[in-house]
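Here are some notes on the model you sent, set out as numbered points. They are meant to be read with the coordinates open.

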Amino acid sequence: GGGGGGGDVPPIPGIVKILLLAGLILAGIFASAYRVDAGAKGVVQRFGAFVKEVDPGLNWRIPLVDKVSIVRVDLSQEFDTQNEMLTGDANIISVSLNVQYRHATAKDYVFNVRGPDETLQEVTDAAIRAVVGKYKLEEIQRGERDTVANETQELLQTNLDRYGTGIIIDTLNLNETEFPVQVQEAAQDVIKAARDKERFILQAE
């Protein structure tokens, strides 16, 4: 009669089943939990669509379904840019700017513009060109630097808001205004002539 049922798989003990289930639950918890640091916001996407914006602390997501982008909203960042452009009286000038900014609205920063930091650079260059184009060379060099900086910041912020970038400009400083090498000598002659004219007028009075 050799009915050797030796090939049967022994049943898994109940304690092992419990341990396996507990392990799966713990793995799910670890995959679901994430932390948003102080000064940041979490932007939750589900299948590419916005779900919610979450505050700092421990938060939960659906594993493999939800994507979370962490955006620092309190951190001031900065960049420098320098470009040649035309003044209102058709002179060439090289303008150097320092821009300090924050990602103030996390949802807009993540969703509304592809490459928002690159967009910031482009919009900044367009804004300073537009403002410099309103002023004469001598005005920029001698008396209107703060006005140019303030107008540029206002125009820049207006355009960033229009594009919905979520970026706030904290400060914009006009560092230097120089002449390209090829026009430097001629431009200096123009400014010297203007100063001589003013001096002559004052002496005549």
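The points below deal with aromatic pairs, charges over rings, a sheet, the nonpolar cores and one arginine.

1. Please keep in mind throughout that this is a predicted model, and that residues are numbered from 1 along each chain as its sequence is written.

2. How many aromatic pairs does a search of the whole structure find? The search finds two. One of them joins Phe 50 and Phe 111, whose ring centres are 5.8 Å apart and whose planes stand at 90°, an edge-to-face arrangement. Because Phe 50 belongs to strand S3 (residues 49-54) and Phe 111 to helix H2 (residues 106-111), this pair ties together parts that are 61 residues apart in sequence. Phe 50 is partly exposed, at a relative accessible area of 32%, and Phe 111 is also partly exposed, at 29%.

3. Phe 79 and Tyr 101 form an aromatic pair as well: their ring centres lie 6.1 Å apart with the planes at 65°, and since planes over 60 degrees apart count as edge-to-face, the pair is edge-to-face. Phe 79 sits in strand S6 (residues 77-86) and Tyr 101 in strand S7 (residues 92-103), so the contact ties together parts that are 22 residues apart in sequence. Here the relative accessible area is 14% for Phe 79, which is buried, and 7% for Tyr 101, which is buried too.

4. Two charged side chains deserve a look beside these rings. Lys 107 lies over the face of Phe 50, at 4.4 Å from the ring centre, so that Phe 50 has this lysine over its face in addition to its edge-to-face partner Phe 111. Elsewhere, the charged end of Arg 162 is placed over the ring of Tyr 163, at 5.0 Å from the centre of that ring.

5. Strand S3, which carries Phe 50, is also part of an open sheet of three strands, in the order S3-S2-S5 and with antiparallel pairing. S3 and strand S5 (66-72) are the edge strands, each pairing on one side only, and neighbouring strands of the sheet are turned by 25° against each other on average, direction ignored. Strand S2 (residues 40-46) runs antiparallel to S3 and is joined to it by five bridges; as one example, Val 44 has Lys 52 in S3 as its bridge partner.

6. Which residues have the most contacts inside the largest nonpolar core? That core has 29 residues, and the residues in question are Val 95, Leu 120, Ile 128, Val 132, Val 148, Leu 156 and Ile 169. At least two core residues come from each of S6, S7, H2, helix H3 (116-132), helix H4 (137-142), helix H5 (145-163) and strand S8 (167-178), with H3 giving the largest share, six residues. Leaving aside neighbours within four places in sequence, Leu 120 is in contact with both members of the buried aromatic pair, Phe 79 and Tyr 101, and with Leu 156, Leu 160, Ile 167 and Ile 169. A second, separate core of six residues includes Val 36, Ala 40, Val 54 and Val 68.

7. Finally, Arg 72 lies in strand S5 and counts as partly exposed, at 38% relative accessibility. Not counting residues up to four places away in sequence, Arg 72 touches Ala 38, Gly 39, Ala 40 and His 103. Measuring from C-alpha to C-alpha, Arg 72 and Thr 105 are 9.5 Å apart in space, while 33 residues separate them in sequence.

Notes:
This is a predicted model: local features need pLDDT of at least 70, side-chain atom pairs count only at pLDDT 80 or more; totals for chains, interfaces and linings use all residues. Side-chain values use heavy atoms; hydrogens and water are left out. Rings of Phe, Tyr and Trp (its six-membered ring) pair if their centres lie within 6.5 Å; planes under 30 degrees apart count as stacked, over 60 as edge-to-face and the rest as tilted. Helices (H or I, at least four residues) and strands (E, at least two) are DSSP runs, numbered from the N terminus. Buried means under 20% relative accessible area, exposed over 50%, partly exposed in between (1.4 Å probe, protein chains only). A charge sits over a ring if NZ of Lys or CZ of Arg is within 6 Å of the ring centre and within 35 degrees of the ring normal. Two strands pair if DSSP finds at least two bridges between them. Axes are lines fitted to C-alpha atoms, for helices over the stretch in contact, and angles run from 0 to 180 degrees between N-to-C directions. A nonpolar core is a set of buried Ala, Val, Leu, Ile, Met, Phe, Trp, Tyr and Cys residues joined through side-chain atoms within 4.5 Å. Contact means heavy atoms within 4.5 Å.
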